[in-house]
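Thank you all for coming. I would like to take a few minutes to walk through one structure with you, and I will ask you to keep it on the screen while I talk.

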Amino acid sequence: MSLLEVKNLCVSFPTEDGVVEAVRNVSFSVDRGDVLGIVGESGSGKSVTSMAVMGLLPRSARITGQVLYDGVDILKLEQKQRGAYRGNRMGMIFQDPMTSLNPVYTIGWQLSEAVRTHNNISKKAAKARAVELLALVGIPQSSKRVDAFPHEFSGGMRQRVMIAMAMANNPDLLIADEPTTALDVTVQAQILETLERIQAESGIGIILITHDLGVVAGMSDRMLVMYAGSVVEDGTVDEIFYEPRMPYTAGLLGAIPRAGAAGRLNQIKGTTPSLINLKPGCKFSGRCPLVVDVCQQTEPELVPTDQPAHLARCHRTKDLIGVDASAMFLQETAG
Amino acid sequence: MLQFIARRLLITIPILFLASIITFLLVAKLGIPQQLENAMSKPNASPAAIRSLRNQFELDTPLFTRYTNWISHFVRGDFGLDGQRTNVRSDIWRAIQVTLRLLVFAQIMSVLLGIAVGLVSAIRQYTAFDYITTGAAFLFFSIPTAVLAGFLKVYGIVEFNRWARHPTMSQAVLVALLVIGALCGLALTKNRLRFSDRPQPKKLLLGVSAGIGIALGFIIVFKLGWDGNIYRKRNPKPLIATIGQASDRPPAEFFSRMLDYFWHLLGPSLTLILVGFAGYSRYMRASMLDTLSSDYVRTARSKGVSEGKVIFKHAFRNALIPLTTAVALDFGALLSGAIITERIFSWKGMGTFFSEALNLREPKPLMAFVMITAVMVVLFNVVADVLYARLDPRIRLD
Ligand SMILES: Nc1ncnc2c1ncn2[C@@H]1O[C@H](COP(=O)(O)OP(=O)(O)OP(=O)(O)O)[C@@H](O)[C@H]1O
Ligand code: SF4
Ligand SMILES: [Mg+2]
């Protein structure tokens with residue numbers, strides 16, 4: 001049994017303009033010790049998926065499917081039982097460390113709150129734990145810094161505090177939603193190192209959401225590529241990087257600058273489709289260089305490709321075997 | 001902190017000084033005092049009387065000397081005499097007491113009401129409660145105070161007093177009250193408030209009994225005349241006063257005197273509370289919506305903190321910061337009185353003091369009024385800054 005198993009997760013938001021189908025039929029699993037990468041462009045449903053797992057979606061969200069945590073469907077739990085998971089058995093860190101901490105409380109107070117919410121211990125003991133957590137994420141002079149306010153910390157330090165907070169109760173699962181996007185490059189590397197070290201020490205499962213394919217390549221074992229609310233490719237990092245079986249992924253890979261590659265940076269032309277009143281057919285068909293008639297009529301299933309553990313959602317998977325697919329986008333832009 | 005306060009207070013001295021010069025000039029340019037004008041327009045005005053009045057108002061002294069005379073007395077606490085040769089200081093002190101009685105009460109009530117209503121309508125955004133309070137706030141905010149006060153006085157209080165003289169209630173009204181009470185109780189206990197995630201046990205029972213309690217309270221007070229009749233047996237006047245800040249001869253006994261003050265306070269303070277609450281509730285609602293959708297509130301939720309604690313310890317605590325500053329500034333403006341409301345309910349507070357002094361073009365009372373209100377505004381500006389720094393650790397005072 002996996003630590004976390006998400007099955008056919010669908011999330012939609014009723015709005016004034018119509019129902020936004022933010023996540024459709026997403027399934028994946030994460031084990032202790034795994035790092036699952038999720039990539040995809042803005043609005044593809046990465047955050048909504050992770051918020052659904054954490055139980056942080058607004059009440060207006062309609063959620064179906066299953067989120068099994070150690071075999072228990074946590075979507076079906078009462079609020080109170082659900083709260084016992086959040087922050088205790090699973091923690092989350094967010095994109096913007098500058099605004100993720102409450103400005104009016106000290107770092108120590110906020111860490112203690114995380115500890116005391118799930119453990120019946122004294123304030124003093126919680127504070128000691130806070131100091132210990134700060135040391136764990138590599139904050140120097142942690143016994144002194146614990147009394148500082150968030151604004152006295154830099155962005156990178158604040159993100160470390162967020163990691164410490166998520167780890168406060170030794171969860172088995174950590175969700176990191178673009179943990180480095182808002183930070184500059186050197187700090188990014190330090191944060192990723194911290195995450196890697198913590199993962200190695202504690203053996204937790206991590207879901208790492210990012211725009212940055214380099215980050216996924218460095219840290220993950222498996223990855224999901226999301227597009228317009230659904231998973232379009234699922235496989236090991238190597239499989240997906242070297243042999244993408246879906247044109248969108250190929251396009252994404254083409255967009256990473258590679259040393260020695262000739263030509264300019266490729267970009268996938270066009271924009272993501274609206275998630276309201278989704279049209280039938282492949283959601284990528286409006287931008288796909290390989291589009292054929294059937295793509296516009298039926299939506300492809302997420303099915304195994306020539307590599308059994310590598311799934312892709314495309315009618316023309318076979319046509320991508322052995323082709324440098326990113327070149328197609330290059331030709332497109334050149335031609 | 002102390003240093004900051006000292007420095008801020010020091011800067012206020014030249015500001016107040018400048019303000020005093022400007023207002024002194026403006027007051028001098030208002031024209032000759034009404035009293036002098038009256039004397040001069042009499043057909044048989046004696047030149048001696050006019051001259052003595054001109055002397056009294058120092059009209060023939062150069063402006064500069066007049067100013068230095070005035071300010072040298074003023075800073076020593078001598079506010080001078082008005083045209084009737086009464087002491088301006090004791091006059092204005094009386095007006096201040098009256099105004100404070102009205103405005104401090106009204107201000108505190110409107111802040112509390114505004115915070116409570118703003119808080120709940122932010123938590124329950126786009127519910128009936130939110131729409132109703134939003135509508136009410138816009139109504140009270142946009143309606144001119146004079147209209148609101150007049151309406152309350154004529155259609156609210158006067159009508160109510162007439163009814164309270166012979167309080168009767170038909171069976172139908174009684175039943176309606178019971179039902180409304182029960183509904184209110186239900187609404188209060190329904191778990192829509194989202195303060196807590198816990199389902200509330202025995203909601204219905206609790207709601208209905210709370211409602212019946214509210215309705216019974218109503219019946220006891222008004223149908224059986226628990227308060228109204230007993231009070232009126234000793235006192236034939238209407239229950240809720242519409243004129244003045246106290247009875248002409250207020251009862252000597254402490255409790256009765258307070259009650260007398262209270263019935264006089266009700267009308268004007270209700271006006272001010274409705275207007276003030278409208279502003280504060282909108283402000284609080286916006287502020288609260290802002291913090292509720294903030295990243296740190298999401299972080300708190302992700303820690304598993306209960307919804308009640310998320311709302312009060314995280315969202316509410318931060319939403320109070322801007323509100324506190326605004327309230328502190330408003331308290332500074334309090335002493336200028338509520339001119340319109342005071343006039344409609346015939347209170348002799350600062351508002352009335354000012355408008356009378358202005359009508360009579362009396363320099364001493366006008367200057368006293370302007371300087372005292374200016375000092376209060378400046379002081380409460382410092383108070384607002386200090387409070388802001390206390391509440392928000394990001395702000396440093398130096
Ligand atoms: N509360 C909501 N109401 C309506 N629509 C929403 C809501 N939350 C998210 N969405 C929509 O769901 C879609 C997916 O959003 P999501 O935040 O998951 O994207 P993302 O993949 O995380 O993008 P990014 O990389 O920009 O973070 C977006 O189109 C967004 O507008
Ligand atoms: S299904 Fe068709 S349109 Fe969609 S990605 Fe595959 S080839 Fe392109
Ligand atoms: Mg996101």
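I will begin with the contact between the two chains, then turn to a sheet in chain A, and end with salt bridges.

Please keep in mind throughout that this is a predicted model, so that everything I say is computed from predicted coordinates.

Let me start with the interface. On one side, 19 residues of chain B are in contact with 28 residues of chain A, and together the two chains bury about 2200 Å² between them, with 58% of that area on carbon and sulfur atoms. Across this interface the rule finds 13 residue pairs in polar contact, both residues of each pair being at pLDDT 80 or more. Which elements of chain B give two or more residues to the side that touches chain A? They are helix 12, residues 295-302, and helix 13, residues 307-332, and the largest share, six residues, comes from helix 12 of chain B. If we sort the residues on that side of chain B by character, we find five nonpolar, five polar and nine charged. How many salt bridges does the rule find across the interface of chain B and chain A? It finds one, and this is a pair in which K303(B) meets E113(A), with the closest N and O atoms 2.8 Å apart.

Now to the sheet. In chain A, eight strands form an open sheet with mixed pairing, and their order is 6-7-8-3-9-10-12-11. Strand 6, residues 90-93, and strand 11, residues 303-304, stand at the edges of this sheet in chain A, and because each has a single partner strand, one side of each is left without a neighbour in the sheet. Helix 6 of chain A, residues 155-166, packs on the sheet and touches both strand 6 and strand 7 of chain A, its direction making about 170 degrees with that of strand 6. Elsewhere in the sheet, strand 9, residues 222-227, and strand 10, residues 230-236, of chain A pair in the antiparallel sense over six bridges, and within this part of the sheet V225(A) has E233(A), in strand 10, as its bridge partner.

Finally, the salt bridges, of which the rule counts 24 over all chains. One of them joins D70(A) to R89(A), with the closest N and O atoms 3.2 Å apart. This pair links distant parts of the chain, 19 residues apart, since D70(A) lies in the loop between strand 4 and strand 5 of chain A, and R89(A) in the loop between helix 2 and strand 6 of chain A.

Terms used: Residues are numbered from 1 along each chain as its sequence is written. Chains are lettered from A and ligands numbered from 1 in the order in which they are written. This is a predicted model: local features need pLDDT of at least 70, side-chain atom pairs count only at pLDDT 80 or more; totals for chains, interfaces and linings use all residues. Side-chain values use heavy atoms; hydrogens and water are left out. Contact means heavy atoms within 4.5 Å. Buried area is the accessible area (1.4 Å probe) that two parts lose on being put together, summed over both. A salt bridge is a side-chain nitrogen of Lys or Arg within 4 Å of a carboxyl oxygen of Asp or Glu. A polar contact is a pair of N or O atoms within 3.5 Å; within protein, one must be able to donate a hydrogen and the other to accept it, and residues adjacent in sequence count only if both atoms are side-chain atoms. Helices (H or I, at least four residues) and strands (E, at least two) are DSSP runs, numbered from the N terminus. Ala, Val, Leu, Ile, Met, Phe, Trp, Tyr, Cys and Pro count as nonpolar, Asp, Glu, Lys and Arg as charged, and the others, Gly among them, as polar. Two strands pair if DSSP finds at least two bridges between them. Axes are lines fitted to C-alpha atoms, for helices over the stretch in contact, and angles run from 0 to 180 degrees between N-to-C directions.
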